[in-house]
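Let's take a walk through a small set of features in a protein model. Keep the 3D view open and turn it as you read.

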Amino acid sequence: MPNSDKTIFYTDPTTGYLVSLALSDNCGLTPDEIAEKDVPDGITYYILDTTAVPTDYDFRDAWTYTP
């Protein structure tokens with residue numbers, strides 16, 4: 001499965017905002033490797049299928065995720 005089929009989400013510890021990382025197929029890393037590199041230490045993150053992410057960004061600040 002290409003990386004672009006996945007999105008990494010976590011909550012920024014300093015702002016409280018949701019952060020989403022759109023992944024590239026050309027980086028040579030797996031989604032787990034990207035998360036380990038880019039998500040701050042100790043922060044819980046989730047790797048979701050991009051198809052599971054809402055396409056309406058109007059209420060993005062109200063998004064929640066329950067695993």
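What follows is a tour of a helix, two charged pairs, a pocket and a few single residues.

Before we start, keep in mind that this is a predicted model.

**The helix and its two sides**

Start with helix α1, which covers residues 31-38. Which of its residues are buried? They are P31, I34 and A35. These three sit on the same side of α1, because they cover an arc of only 100° around the axis. Now turn the helix over: the face turned away from the buried side carries E36 and K37, which are exposed. So what covers the buried residues of α1? The cover includes strands β1 and β3.

Let's zoom in on I34, one of the residues of α1. Its relative accessibility is 7%, and since buried means under 20%, I34 counts as buried. Which residues does I34 touch, if we skip those up to four places away in sequence? The list is N3, I8, L23, C27, L29 and V39. Take N3 from that list: N3 and I34 are 31 residues apart along the chain, and their C-alpha atoms are separated by 9.9 Å.

C27 is another name on that list, and C27 lies in the loop between β2 (18-22) and α1. With a relative accessible area of 37%, C27 is partly exposed. Again leaving out residues up to four places away in sequence, C27 touches N3 and I34. The C-alpha atoms of C27 and N3 are separated by 8.8 Å, and the two residues are 24 residues apart along the chain. So N3 turns up twice: it is touched by I34 and also by C27.

**Two charged pairs**

Here's a bit of background. Side chains of opposite charge can pair when their charged atoms come close. How many salt bridges does the structure hold? There are two, and here they are:

| Salt bridge | Closest N and O atoms |
|---|---|
| K6 and D49 | 2.5 Å |
| K37 and D38 | 2.8 Å |

The pair of K6 and D49 links distant parts of the chain. K6 is in strand β1 and D49 is in strand β3, 43 residues apart. Is D49 buried, exposed or in between? At 34% relative accessibility, D49 counts as partly exposed.

The other pair takes us back to the helix. K37 has a relative accessibility of 54%, and because exposed means over 50%, K37 counts as exposed. That matches what we saw earlier, with K37 on the face of α1 turned away from the buried side. Its partner D38 also lies in helix α1, and D38 is partly exposed at 35%. D38 has contacts of its own: not counting residues up to four places away in sequence, D38 touches Y10 and L21. How far is D38 from L21? Their C-alpha atoms are separated by 8.9 Å, while along the chain they are 17 residues apart.

**The largest pocket**

Next up is empty space. Rolling a probe the size of a water molecule over the atoms shows where empty space is left. The largest pocket in this model has a volume of about 370 Å³. It is lined by 17 residues, and the closest to its centre are F9, L18, W63, T64 and Y65. Which elements give two or more residues to the lining? They are β1 (6-11) and β3 (45-49). The largest share comes from β1, with three residues. You've met both strands already: β1 holds K6 and β3 holds D49, and both are part of what covers the buried residues of α1.

What kinds of residues line this pocket? By class, there are 11 nonpolar, four polar and two charged residues.

**One more stop in a loop**

Finally, find T44, in the loop between α1 and β3. Its relative accessible area is 52%, so T44 is exposed. Leaving aside neighbours within four places in sequence, T44 is in contact with F9 and Y10. F9 is among the residues closest to the centre of the largest pocket, and Y10 is touched by D38 as well. Where is A62 compared with T44? The two are 18 residues apart in sequence and 18 Å apart in space, C-alpha to C-alpha.

Conventions:
Residues numbered from 1 in each chain as written. Predicted model: local features only at pLDDT ≥ 70, side-chain atom pairs only at ≥ 80, totals over all residues. Heavy atoms only, no water. 1 Å grid on protein atoms, 1.4 Å probe; cavity = no way out; pocket = protein on both sides within 12 Å on 5 of 7 lines; lining within 4 Å. Points joined across faces, edges and corners; volume = space filled by probe spheres on them. Helix = DSSP H or I, 4+ residues; strand = E, 2+ residues; numbered from the N terminus. Nonpolar A, V, L, I, M, F, W, Y, C, P; charged D, E, K, R; others polar. Salt bridge = Lys/Arg side-chain N within 4 Å of Asp/Glu carboxyl O. Buried < 20%, exposed > 50% of the residue type's maximum accessible area, 1.4 Å probe, protein only. Arc of directions from axis to C-beta. Contact = heavy atoms within 4.5 Å.
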